[in-house]
Amino acid sequence: MKKFEILKELTEAGVVAVIRAENEVQAVEISKACLAGGVKGIELTFTVPGADRVIRRLAEEFGGEMLIGAGTVLDSETARIAILAGANYIISPGFDQATATLCNRYQIPYMPGCMTITEMIQAMEAGCDVVKLFPGSAFGPDYVKAVKGPLPQINIMPTGGVNIDNADEWIKAGCVAVGAGSDLTGPAKIGDYAGVTELAKQFIAKVQTARSAL
């Protein structure tokens, strides 16, 4: 049941912070700032130097509080490294069958990036319970509404193009959660981690308000 518990917690949380950083220290600080603002879903991308070490550290220090995922995972080898480091879920910018197979083997949620209905169907058939609409900026909330016409059963989480002004629109369109990158973590570029925490609070509030209106 671990896989379903993770998915349940992640969708209930509603917001996943996409963490890209220049080094391990910055990645940890951004993650902590997001958690302080109520965003417990963390996607630590493998573009961060030493990403597996960051995942391991976060899992050891905040395993009971954070939902720690690995992002920008392009292959099954990287997915296995992330899982061994303590990742609770795996996210990719595209779909990879070998990664889907490996994640199913270890009962770890795999959320691949999909753009078309064909890709989304392929992902669902491979056992993916949530697909990442990426890049969301190329589509918008109305695209989700259109997709859920023929695929009402699909669970979509957009990433890319999600900001504080439209987060609620994605939820109202039918998304189970949203992924936020620089529009959430941007203040960290100048060392303003308190700014990240404040934005995290705003994202959470926006999602909760949108859900209460459904």
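This is a guided tour of a predicted model, given as a series of selections to make in the viewer.

**Strands 1, 2 and 3**

Select strand 2, residues 41–45. Five of its five residues are buried. Gly-41, Glu-43 and Thr-45 point one way from the strand, while Ile-42 and Leu-44 point the other way. Both sets are buried.

Add strand 1, residues 15–19. Strand 1 runs parallel to strand 2, and four bridges join the two. To find one pairing, pick Val-18, whose bridge partner in strand 2 is Glu-43. Now show helix 2, residues 24–36, through which the chain crosses from strand 1 to strand 2. This β-α-β crossover is right-handed.

Next, add strand 3, residues 67–71. Five bridges join strand 3 to strand 2, and these two strands also run parallel. Return to Glu-43: its bridge partner in strand 3 is Gly-69. Helix 3, residues 51–62, carries the chain from strand 2 to strand 3, in a β-α-β crossover that is right-handed.

Just past this point, select Thr-72, in the loop between strand 3 and helix 4 (76–85). Phi of Thr-72 is near 55 degrees, a positive value in a residue other than glycine. Thr-72 counts as buried because its relative accessibility is 18%, and the cut-off for buried is under 20%.

**Strands 6, 7 and 8**

Move to the open sheet of three strands, in the order 6-7-8, with parallel pairing. Strand 6 (113–114) and strand 8 (156–158) stand at the edges with a single partner strand each, so one side of each has no neighbour in the sheet. Select strand 7, residues 131–133, together with strand 8: three bridges link them in the parallel sense. Within this pair, Val-131 stands opposite Ile-156.

Follow the chain from strand 7 into the loop that leads to helix 7 (141–147), where Pro-135 is found. The peptide bond joining Phe-134 and Pro-135 is cis, with omega about -5 degrees.

**The nonpolar cores**

Keep Ile-156 selected and show what surrounds it. Leaving aside neighbours within four places in sequence, Ile-156 is in contact with Met-120, Val-131, Leu-133, Val-144, Val-147, Cys-175, Val-176 and Ala-177. A second, separate core of 12 residues includes one of these contacts, Val-176, along with Ile-6, Leu-7 and Leu-10.

Which residues touch the most other members of the largest nonpolar core? They are Cys-34, Ile-90, Met-120 and Ile-156, in a core of 64 residues. Helix 10, residues 193–212, gives the most to this core, with seven residues.

**Helix 10**

Select helix 10 on its own. At 1.5 Å a residue, its 20 residues should span 28 Å, and its end C-alpha atoms are 29 Å apart, which agrees. Colour its buried residues: Gly-195, Val-196, Thr-197, Leu-199, Ala-200, Phe-203, Ile-204, Val-207 and Ala-210. What do these buried residues pack against? The list is helix 1 (2–13), strand 1, helix 2, helix 8 (167–172), strand 9 (178–180) and helix 9 (182–185).

From helix 8, pick Asp-168. Asp-168 is buried, with a relative accessible area of 16%. Not counting residues up to four places away in sequence, Asp-168 touches Lys-206 and Ala-210. Draw a C-alpha to C-alpha distance from Asp-168 to Gln-208: the two are 8.4 Å apart in space and 40 residues apart in sequence.

**Lys-3 and Gln-107**

Finish at helix 1 by selecting Lys-3. Is Lys-3 buried or exposed? Lys-3 is buried, with a relative accessible area of 7%. Its side chain makes a polar contact of 3.2 Å with the side chain of Asp-129. Beyond residues up to four places away in sequence, Lys-3 touches Asn-104, Gln-107, Ile-108, Pro-109, Gly-127 and Asp-129.

The last stop is one of these, Gln-107, in the loop between helix 5 (97–105) and strand 5 (110–111). Phi of Gln-107 is near 55 degrees, a positive value in a residue other than glycine. At 37% relative accessibility, Gln-107 counts as partly exposed.

How values were computed. Residues numbered from 1 in each chain as written. Predicted model: local features only at pLDDT ≥ 70, side-chain atom pairs only at ≥ 80, totals over all residues. Heavy atoms only, no water. Buried < 20%, exposed > 50% of the residue type's maximum accessible area, 1.4 Å probe, protein only. Pairing = 2+ DSSP bridges. Right-handed = clockwise from strand over helix to strand, strands pointing away. Core = buried A, V, L, I, M, F, W, Y, C linked by side-chain atoms within 4.5 Å. Contact = heavy atoms within 4.5 Å. Expected span 1.5 Å × (residues − 1). Polar contact = N/O pair within 3.5 Å; in protein donor to acceptor, adjacent residues only side chain to side chain.
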